[in-house]
Amino acid sequence: MRILKRRLHESRSSMKNDETPPSASRRTGTRSIALYSMALSVLAVAQVGLHHPKIIHEIPQELADGRPINDAVAARRKTNSTTTRLTTKSESSHSDGAMIPSNTSITKRSRLSIDDHVITQIANGNVSIEAPIAVVVWPLVEKGPKNAVCKHLEENGVNESPFLYLSNSLWNFDPSVVWIGDLGRDSCDKFHTRIREAKAKRFELGLPLQWPVFIIDWTDYSTKKRCDKIEKEMGPGFVKYSQRSIVSGRTFSKSIDWVRHGQRLKDHVLAKYRHMPYFVRTDTIEELGNVLRQQYNLTLASPIERLERRIDVTHFWPLNMKGVKNIHCKLRKKVSQVVSTTGHENNLTTYIDLAGKAAKKGRIKVHSAYVETMLMSKIIVVTQRDKWEDHYRLFEAVVSGSMILTDRMLSLPHGLENGTSIVEYDSADDLKSKILYYIRHPDERIEIARKGREVAMKQHRTWHRVEEIIFGKPMSDCSNETRESQCPFLIHANETNLINRAENETKLKNY
């Protein structure tokens, strides 16, 4: 710091006492001014580094050349191999690809367009990613995984995706960084405060003041959350919303003794709120793989829908309501009664009870008794709560290889089709007739179960869901797999060559 101050003093003196001939004075004066400006910039960066431990303390040598701060920071990033490597379509045939340095338009201090950001370029197919994108998830980064969604989607989903890596600090200034804000139970104001703090630090470093922010809401009701302050802060296009519940007006009706399904949000609303249903949890697949290996000598890739199953129909909701939350569950009680009556009248083997743990304990970690019961069931009937659609039970049942009967869903996850990969029922009589039909037509039942499991494993893993939030579509698929691969029947995404991992052995570190 003393050296820098001395250089600053010398620069100031040279401008005051310049005795060069008039013909050279303008050139020399320009150099002196440049040197003076450079020294000021160096001092500013040094002072920032002293107060922020995650920021480099050494003064970049590049600043000695008189380059702008942005260019110097970019050069330091490139030297430290923390630049995101991207291959454009036109260059994809070259082995070295195209390095997009951080001193391109994306790091300019001026107002940016979301079209300039790497995420948009990837989503549009203009570039292919060869190194993971940094993801800051709030409030996970501060509080840790406090609930099932934090643990299974935000933590597991980001870590599992070969295209993303989970940042452990809010102050991650990688040029491709994106933020996810889970505002189901936290306010926009708290999240806005964190964004303002990050912008202040970025301003000190001369870094871009805009980056993509994805706001997600996994709560049960279809209330549409908007964060106007954050939208204004980040600029047009930089804030996008995802929402689990997209159906309003669902309620149980005493007059029909069944639910009224309500209505989906209008298309123009869904254009602003991307539908993000629940997903296949990795802990479910882990336990499923364990039970298959230990009790059946099979793998996840085995045709488990063809297992000998001794239970005809299962509904995981006890008739006596013991051990479950008695809230918005009139339809579940009704369905348990229908399954029980149908079983007694037609000499079917039924299971109508809990297996494993319910509520929060079951959401955090799946239990082997639950998986074992699903593997023994030919048909699993699942039922949603009276007031909202979607639940973990849907995909938990689908991946077990059973055929799934679900009450009507206006927000059926993409890829699942009624009568093809899943079967819907919309009344007590309809449920009874479909149970009997598919018990008596095993080939149709098994084929529907096979297709449903394939859809779930190919399109609805935790990493698929978080990739949809960020890129607008799942990026991990099995297109690069050999015939010997077990993709998509995997426990973890890193068991397969979903992308060229040679470039990704060392993930990007926080800058």
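I take a residue as buried when its relative accessible area is under 20%, as exposed when that area is over 50%, and as partly exposed in between. With that rule in hand, I looked up the chain as a whole and found that buried residues make up 53% of its 511 residues. I note here that this is a predicted model.

**Entry: the whole chain**

I looked up the secondary structure next, and the chain holds 17 helices and 18 strands. For the surface, I find that the chain exposes about 23,900 Å², of which carbon and sulfur atoms supply 48%. I also looked at contacts between residues at least 6 apart in sequence, and 72% of these join residues at least 24 apart.

**Entry: the disulfides**

I searched for cysteine pairs and found two disulfides in the structure. As a reminder to myself, a disulfide is a covalent bond between the sulfur atoms of two cysteines. Counting the bonded cysteines along the chain, I read the pattern as 1-2, 3-4.

One disulfide is formed by C188 and C227, whose sulfur atoms lie 1.9 Å apart. This pair links distant parts of the chain, for C188 belongs to helix α7 (residues 188–205) while C227 sits in the loop between β7 (213–217) and α8 (228–234), 39 residues apart. I looked up the torsion about the S-S bond of C188 and C227, which is about -60 degrees, so this disulfide is left-handed. I then asked myself whether C188 is buried or exposed. At 16% relative accessibility C188 counts as buried, and C227 counts as buried too, at 2%.

Another disulfide joins C478 to C487, with an S to S distance of 1.9 Å. The torsion about the S-S bond of C478 and C487 is about -70 degrees, so I recorded this disulfide as left-handed. Of its two cysteines, C478 is partly exposed, with a relative accessible area of 25%, whereas C487 is buried, with a relative accessible area of 15%.

I checked two further cysteines for burial: C150 counts as buried at 5% relative accessibility, and C329 is buried with a relative accessible area of 3%.

**Entry: strand β8 and its neighbours**

I turned to strand β8 (residues 239–243), where four of the five residues are buried, so the strand is largely enclosed by the rest of the structure. Which strands does β8 pair with? Five bridges join β7 to β8, and these two run parallel; three bridges join β8 to strand β13 (residues 273–275), again in parallel. In the pairing with β7, I noted that the bridge partner of D217 is Q243 in β8, and on the β13 side S242 stands opposite R274. I also traced the path from strand to strand, and β7, α8 and β8 make a right-handed β-α-β unit.

**Entry: helix α11**

I checked the length of helix α11 (residues 330–346), since at 1.5 Å a residue its 17 residues should span 24 Å, and its end C-alpha atoms are indeed 24 Å apart, which agrees. Which residues of α11 are buried? I listed L331, R332, K334, V335, S336, V338, V339, S340, T342 and G343. While reading that list, I kept in mind that an α-helix has 3.6 residues a turn, so residues three or four places apart point the same way. My last note here is that α11 is followed by N347, whose phi is positive, near 55 degrees.

Notes. Residues are numbered from 1 along each chain as its sequence is written. This is a predicted model: local features need pLDDT of at least 70, side-chain atom pairs count only at pLDDT 80 or more; totals for chains, interfaces and linings use all residues. Side-chain values use heavy atoms; hydrogens and water are left out. A disulfide is a pair of cysteine sulfur atoms within 2.5 Å. Buried means under 20% relative accessible area, exposed over 50%, partly exposed in between (1.4 Å probe, protein chains only). Two strands pair if DSSP finds at least two bridges between them. A crossover is right-handed if, with the strands pointing away from the viewer, the path from the first strand over the helix to the second runs clockwise. The expected span of a helix is 1.5 Å times one less than its number of residues. Contact means heavy atoms within 4.5 Å. Accessible areas come from the Shrake-Rupley method with a 1.4 Å probe; for residues, only the protein chains shown count as cover.
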